[in-house]
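Biologist: Could you take a close look at the ligand site in this model, and set it in the context of the chain around it?

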Amino acid sequence: MFDLTAEQEMVLSSLEDIARKEFADRAFDWHGEPPWENIELLAKRGFLGINIAEEYGGGGMGEFEAMLSIEAVGTVCPDTAEFLYNQQMVAPRAIEMFGSEEAKDRYIPPVVDGEKAIAIAISEPESGSDVGSMRTTVSDDLVLNGEKIWVSNIKHSDAAVVWVKYPEGLGSLIIEFDWDGVEVQEHYTNMHGGTQSQIRFNDVEIPEENVLTRGKDAFVDQLKALNWERLGCATLANSFSRNAMEKALDYSQQREQFGQPIGDFQGIEWKLADMLTELEAGRMLTYRAALNAHKQGRIPDRLETSMAKLYSTERAEHIVSEALQIHGANGYQQGHPLEYLYRMTRGRRLAAGTDEIQKNQIAAVLKKSGMPDLV
Ligand SMILES: Cc1cc2nc3c(=O)[nH]c(=O)nc-3n(C[C@H](O)[C@H](O)[C@H](O)COP(=O)(O)OP(=O)(O)OC[C@H]3O[C@@H](n4cnc5c(N)ncnc54)[C@H](O)[C@@H]3O)c2cc1C
C-alpha cells in the first residue's frame, strides 16, 4: 500500500513471521486475558514498545511502526494485538510523552520488558462520552478524589494513567493501585471475557513527579494522546477484519455445497469483494491520518482520526459478521474463532470514543472548516 522503509519492512515481516509461527496455535485460547507468553517473547525479541524511546528500553521508532506491528499480530492473535495496542498507543505512551524523568524511569521499563501493563482510567459512572463533565478532582496540593469505571487491564497493572480535573481544568496523572486511598471496587467481565474494573480514589496524595498534563497546554496534550489511541483502535479493528477475512477466504474455497466450493457462488464472491474493499478503505484512512501527523507536531488531525476510527471499527463489525456468515453454523459455535472475533470486535465501536462521538467530531470540523482540501 505504501513504500515502506527497510526498518518498517523488517518490523512487518518479522512480526508476521513470529505471529504465524509462535502465536497461531493458541491464538483463540486467551478469552480476554493478556497472552503473557506471547508478550514475553515479543519483549525478548525487541518488539514490545517499538515506538518508545531507546533510553527507556523501547525501539525508538514511531507510531506508524507501532501500528504495523499491531496489524501484523492481530491478523493472527487478537488478544496479543490488543495488548500491544494498549501498551504501545495508550497509557505508557502518554507517560513517555508527558511524564517526568522519574515517572518514565519507574513505569516504562517493566512494560517494555513484558512484565507489567499500565491501565488508563478516563470513564466515570456519570461521565462517559461527555469527558468534560468528569467529577474526579485534584486539589492544588495534589489530593485526588473521585471514581472511575470500565478500566481495562487493572489485574495486570501496578499503575494507571488517570484523567482528572485540576483547579485550572482537565489534565492527567499516574497512580499506583497499592497506594493509600486507591480502592478497586468491582471487576466486570465484558463480552469477550476481558476484565473491566471500577476504582475509587479517597484523598489520594499524588507526588509532584506523577503529574502528567496540567495547565494551559494540557488539553492539546490530551488530544495528542487520545488521537493516537483512536488510530491504534482503528488499526486493531482492521487487524481483526483481516484475521476474519483470511479465515472466510480459506473456508469458502474448501466448503462445498450444490457440488462446488461456496466461494464460487457469486453471492459469496461479492461478499468477499465488499469485505476486502471496506477493509482496505479503513486501512487507507487510518494510515493517512498517522502519516500526516508530522504536519502538526505529531498530533493526528481530528477529522482524519475520527473518520479512520469510525469507519474502521464500524466496518470491522460488518466484515467479521460476514466472515461468520460464510462459515454458516460452524462460525456461530462457542469456541469458534469467528464468534470470538465478533464479540471482540464489537467493543471497538464503543472504546476510545463511540461511533456517535466520532460523527460529532467529523460534523463539527466540516461545519467549521468546510470541505477538506482535495489533496
Ligand atoms: C472494550 C472496552 C474497553 C474499555 N476500556 C476502557 C478503559 O480502559 N478505560 C476507560 O476509562 N474506559 C474504557 N472503556 C469505556 C469507554 O471509554 C466508554 O464506554 C465510552 O467512552 C462511552 O461511554 P459510556 O459507555 O458511558 O456511554 P455513554 O457516553 O453513556 O453513551 C451511551 C450512548 O449514547 C451515545 N451518545 C452519548 N453522547 C452522545 C452525543 N453527544 N451525540 C450522540 N450520541 C451520543 C453514545 O455514542 C452511546 O451510543 C472501555 C469500553 C469498552 C467497550
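Modeller: What follows starts at the ligand, moves to the domains beside it, and then turns to the wider fold.

The model is predicted, and every statement below should be read with that in mind. The shell around the ligand consists of 18 residues, and the closest of them are Gly-128, Ser-129, Gly-347, Thr-354 and Glu-356. Sorted by class, this shell holds eight nonpolar residues, nine polar ones and one charged one. Three elements supply at least two shell residues each, namely strand 1, which covers 117-121, strand 3, which covers 143-152, and helix 12, which covers 355-369. Because domain 2 (118-213) and domain 3 (218-369) both give residues to the shell, the ligand lies between them.

That placement leads to the domains themselves. The assignment divides the protein chain into domain 1 (6-112), domain 2 (118-213) and domain 3 (218-369). The centres of domain 2 and domain 3, taken over C-alpha atoms, are separated by 29 Å. Where these two domains meet, nine residues of domain 2 are in contact with eleven residues of domain 3. On the domain 2 side of this meeting, strand 5 (residues 169-176) provides the largest share, with four residues, and by class that side has two nonpolar residues, seven polar residues and no charged residues.

One backbone detail belongs to the loop between helix 11 (337-346) and helix 12, where Ala-352 is found. Ala-352 has a positive phi, near 60 degrees, although this residue is something other than glycine. With 25 other C-beta atoms within 10 Å, Ala-352 is buried. A second case of positive phi in a residue that is not a glycine is Arg-298, with a value of about 65 degrees. Arg-298 sits in the loop between helix 8 (266-292) and helix 9 (302-326), and it counts as partly exposed because it has 13 C-beta neighbours inside 10 Å, whereas a residue needs 20 or more to be buried.

The nonpolar interior can be followed from Ile-118. The largest nonpolar core has 101 residues, among which Ile-95, Ile-118, Ala-160, Val-161 and Val-320 touch the most other members. Helix 7 (residues 218-254) contributes the largest share of this core, 13 residues. Leaving aside residues up to four places away in sequence, Ile-118 touches Ala-91, Pro-92, Ile-95, Tyr-107, Val-111, Ser-157, Ala-159, Ala-160 and Val-161. Ala-91, Pro-92 and Ile-95 in that list are also among the buried residues of helix 5, together with Arg-93, Ala-94, Glu-96 and Phe-98. Helix 5 spans residues 91-98, and seven of its eight residues are buried, so this helix is largely enclosed by the rest of the structure.

At the level of the whole protein chain, there are twelve helices and ten strands. The radius of gyration is 21 Å, which agrees with the value near 21 Å that a compact globule of 375 residues would have. Along the principal axes, the C-alpha atoms fill a box of roughly 75 × 50 × 45 Å. Buried residues make up 49% of the 375 residues. Of the contacts between residues at least 6 apart in sequence, 70% join residues at least 24 apart.

Definitions and conventions
Residues numbered from 1 in each chain as written. Predicted model: local features only at pLDDT ≥ 70, side-chain atom pairs only at ≥ 80, totals over all residues. Rg over C-alpha atoms; globule rule 2.2 N^0.38 Å. Buried ≥ 20, exposed ≤ 12 C-beta atoms within 10 Å, placed from the backbone. Contact = placed C-beta atoms within 7 Å. Near = placed C-beta within 6 Å. Nonpolar A, V, L, I, M, F, W, Y, C, P; charged D, E, K, R; others polar. Domains from an automatic or database assignment. Core = buried A, V, L, I, M, F, W, Y, C linked by C-beta atoms within 7 Å.
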